[in-house]
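Student: Hi! Could you walk me through this model before I set anything up?

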Amino acid sequence: MFWSDWSDNPSITRSYMDGSHIRTLVSRPHVHWPNGLAIDDLHERLFWTDGRLHGVFSVDLYGNNFQMLIQQALWLPHPYSVAVYKVSIGHLSLYLSLCAF
């Protein structure tokens with residue numbers, strides 16, 4: 001299970017479904033207002049939006065290999081959700097559905 005936290009110490013965290021094996025995957029400076037978590041289980045990547053950083057980011061399911069996909073784009077003023085439709089790692093073709101205010 002994965003969740004985001006907007007507290008004074010924002011993070012994206014994972015655990016087993018019974019709540020054991022809690023592990024923080026991402027924390028500051030890579031997250032401030034993390035939203036809209038989406039998992040690409042085929043390529044073992046986690047995507048999220050961040051409303052304060054105005055962007056879309058990704059890490060592998062273990063919290064490694066951080067990637068900034070979009071940040072500070074004028075057409076993405078305050079993203080709050082993302083859905084992975086198709087990801088082709090070979091040529092990095094991403095089809096993401098984004099929602100923003």
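Tutor: Happy to; we can go through the sheets, then the aromatic rings, then a few polar side chains. Keep in mind that this is a predicted model.

Student: Good to know. What is the strand order in the open sheet of 4 strands?

Tutor: The order is S4-S5-S6-S7, and the pairing is antiparallel.

Student: Which strands stand at its edges?

Tutor: Those are S4, covering 34-40, and S7, covering 67-71. Each has a single partner strand, so one side of each is left without a neighbour in the sheet.

Student: And how many degrees are neighbouring strands turned against each other on average?

Tutor: In this sheet the average is 20°, with direction ignored.

Student: Let's zoom in on S6 and S7. How many bridges join them?

Tutor: There are 4 bridges between S6, residues 55-60, and S7, and the two strands run antiparallel. As one example, phenylalanine 57 has methionine 68 in S7 as its bridge partner.

Student: What about the sheet with 3 strands, what's the order there?

Tutor: That one is also an open sheet, ordered S1-S2-S3 with antiparallel pairing. Its edge strands are S1 (2-5) and S3, each pairing on one side only. Neighbouring strands here are turned by 25° against each other on average, again ignoring direction.

Student: How many bridges do S1 and S2 have?

Tutor: They pair over 4 bridges in the antiparallel sense. Aspartate 5, for instance, has serine 11 in S2 as its bridge partner.

Student: Switching to rings. How many aromatic pairs are there?

Tutor: The count is 4 aromatic pairs. One of them is tryptophan 48 with phenylalanine 66, a tilted pair with 6.3 Å centre to centre and 45° between the planes.

Student: Where in the chain do those two sit?

Tutor: In distant parts of it: tryptophan 48 is in strand S5 (residues 45-50), while phenylalanine 66 is in the loop between S6 and S7, 18 residues apart.

Student: Is tryptophan 48 buried or exposed?

Tutor: Tryptophan 48 counts as buried, because its relative accessibility is 0%. Phenylalanine 66 has 31%, so that residue counts as partly exposed.

Student: Which ring does phenylalanine 66 form a stacked pair with?

Tutor: With phenylalanine 57, at 5.9 Å centre to centre and 20° between the planes. Phenylalanine 57 counts as buried, at 2% relative accessibility. Put together, Trp48, Phe57 and Phe66 form one aromatic cluster.

Student: Nice, and that's the phenylalanine with the methionine bridge partner. Any charged side chain I should look at?

Tutor: Try aspartate 50, which is placed in strand S5. This aspartate is buried yet has no salt bridge.

Student: Why no salt bridge for aspartate 50?

Tutor: A salt bridge needs a Lys or Arg side-chain nitrogen within 4 Å of a carboxyl oxygen. For aspartate 50, the nearest side chain of opposite charge is arginine 52, 6.9 Å away.

Student: So what does the side chain of aspartate 50 reach?

Tutor: The backbone nitrogen of tryptophan 33, at 3.1 Å.

Student: Last topic: serine 20. Where is that one?

Tutor: Serine 20 is in the loop between strand S2 (11-14) and strand S3 (23-27). With 26% relative accessibility, serine 20 counts as partly exposed.

Student: Which side chains make polar contacts with the side chain of serine 20?

Tutor: Aspartate 18 joins the serine 20 side chain through a polar contact of 2.6 Å, and histidine 21 does so at 3.1 Å.

Definitions and conventions. Residues are numbered from 1 along each chain as its sequence is written. This is a predicted model: local features need pLDDT of at least 70, side-chain atom pairs count only at pLDDT 80 or more; totals for chains, interfaces and linings use all residues. Side-chain values use heavy atoms; hydrogens and water are left out. Two strands pair if DSSP finds at least two bridges between them. Axes are lines fitted to C-alpha atoms, for helices over the stretch in contact, and angles run from 0 to 180 degrees between N-to-C directions. Buried means under 20% relative accessible area, exposed over 50%, partly exposed in between (1.4 Å probe, protein chains only). A polar contact is a pair of N or O atoms within 3.5 Å; within protein, one must be able to donate a hydrogen and the other to accept it, and residues adjacent in sequence count only if both atoms are side-chain atoms. Rings of Phe, Tyr and Trp (its six-membered ring) pair if their centres lie within 6.5 Å; planes under 30 degrees apart count as stacked, over 60 as edge-to-face and the rest as tilted. Lys and Arg count as positive and Asp and Glu as negative; His and the chain ends are not counted.
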